[in-house]
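Hi there,

Here is the structure I promised to pass on. Have a look at it first, and then read my notes underneath.

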Amino acid sequence: MTSLALGPSWLDPATLIPAFGLIGILAIVFAESGLLIGFFLPGDSLLFTTGMLVAGGTYLHQPLWLVCLLVVAAAVAGDQVGYLFGRKVGPGLFNRPDSRLFKQENVEKAAAFFERHGPKAIVLARFVPIVRTFTPVVAGVSRMNYRSFVLFNAIGGVLWGAGVTVLGYFLGQIAFVRDNIEPILIAIVLLSAVPVAIELLRARRAAGRAAAPGHAAGGGGEPAADRAR
C-alpha cells in the first residue's frame with residue numbers, strides 16, 4: 001500500500017486505516033462531517049482508499065454494503081451534531097475568536113456557500129473540504145427547517161459517503177489505478193480543493209468590488225452573521 005505524501009503521516013489513509021481499521025474510518029467521517037475540529041481530516045482520499053482496500057480484502061474484510069452503510073450513518077450523524085451545535089450556539093458563533101483549530105473565515109465561507117445555494121448546500125458541501133464541516137453548523141445557526149435538513153443531510157451522506165467509497169471499490173480493481181495509487185490520491189485531494197479555491201477567488205473579487213470607489217454608496221452587504229440568521 002503506497003503512502004500518500006501529503007500532510008502529517010498520521011493523516012495519511014495508508015497510516016490511519018491499518019492502525020485503526022473501520023472504527024477509525026467512521027470516527028474520522030463523523031468528525032469531519034460536523035465537528036468544528038474535523039475540518040482538516042482527509043475525508044475524500046480516506047473514503048476512496050477505503051473502497052480500494054475493501055475490493056482487495058486488505059485490512060478491511062467487511063462487505064462493501066456494510067462499509068457503505070456505516071460510513072453513511074457516520075456522515076449523517078456528524079452533520080446532525082453540527083446542526084444541533086449551530087442551533088445551540090446561534091449567531092454568537094460568528095463572534096467567536098480565532099484559535100489554532102478555529103478560524104472565523106471558515107465559518108464565513110460556509111455561510112456564503114449556504115446563502116448562495118440554499119438548502120441544497122447541505123448536499124453540495126459534502127464534496128467541498130472545510131466547507132462540508134462548517135455548513136451543517138451554519139444551517140443550525142440559521143435555523144433551517146429541521147425536516148428539510150434531515151432530508152438533504154441523508155441525500156448528501158449517501159452520495160458522498162457511499163459514492164466515493166464505491167468509486168474507490170470499482171476503480172481499485174483496475175490495474176492502472178492500483179499501480180498509480182499515489183498520484184491518483186493526490187489528484188483527488190487537489191480536485192477536492194478546487195471548489196474551495198473558486199470560493200476564495202469569488203470572495204476576493206467581491207471584496208475588491210466592494211472596496212471600489214462609489215460602491216460604498218450602495219450601502220454594502222450584510223455581515224455574514226446577519227445573513228445566517
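Let's start with the rings: there are 3 aromatic pairs in this structure, which is a predicted model. In one of them, the ring centres of Tyr83 and Tyr146 are 5.7 Å apart with planes at 50°; an angle between 30 and 60 degrees counts as tilted, so that is what we call this pair. The two partners come from distant parts of the chain, 63 residues apart: Tyr83 sits in helix α3 and Tyr146 in helix α7. Is Tyr83 buried or exposed? Tyr83 is buried, because its relative accessible area is 0% and anything under 20% counts as buried. Tyr146, on the other hand, comes out at 42%, so this residue is partly exposed. Another pair is Tyr169 with Phe170, and here the arrangement is edge-to-face, with 5.1 Å from centre to centre and 85° between the planes. Also, Tyr83 and Tyr146 belong to one aromatic cluster together with Phe149.

Next, helix α2, which covers residues 43-56. Does its length make sense? What you'd expect for 14 residues at 1.5 Å each is a span of 20 Å, and the end C-alpha atoms are indeed 20 Å apart, so the two agree. How many residues of α2 are buried? The count is 12 of 14, so this helix is mostly covered. Among them are Leu46, Leu47, Phe48, Met52, Leu53 and Val54.

Now follow the chain out of α2. Gly57, just after the helix, has a positive phi of about 65°. Most residues other than glycine have a negative phi, which makes the next two worth a look. Tyr59 is not a glycine, yet its phi is positive, near 70°. You'll find Tyr59 in the loop that runs between α2 and α3, and with 44% relative accessibility it is partly exposed. Arg143 does something similar, with a positive phi of about 55°; its place is the loop between α6 and α7.

Finally, a bit from the records. An unreviewed UniProt entry lists residues 20-43, 63-86, 149-171 and 183-201 under "transmembrane region". I checked two of these spans in the model. Residues 63-86 are 96% helix and 0% strand, with end C-alpha atoms 35 Å apart. For residues 149-171 the figures are 100% helix and 0% strand, and the ends lie 32 Å apart.

Cheers

Conventions. Residues numbered from 1 in each chain as written. Predicted model: local features only at pLDDT ≥ 70, side-chain atom pairs only at ≥ 80, totals over all residues. Heavy atoms only, no water. Helix = DSSP H or I, 4+ residues; strand = E, 2+ residues; numbered from the N terminus. Expected span 1.5 Å × (residues − 1). Buried < 20%, exposed > 50% of the residue type's maximum accessible area, 1.4 Å probe, protein only. UniProt positions renumbered as here; feature names shortened; annotations may be inferred. Phe/Tyr/Trp six-rings, centres within 6.5 Å; stacked < 30°, edge-to-face > 60°.
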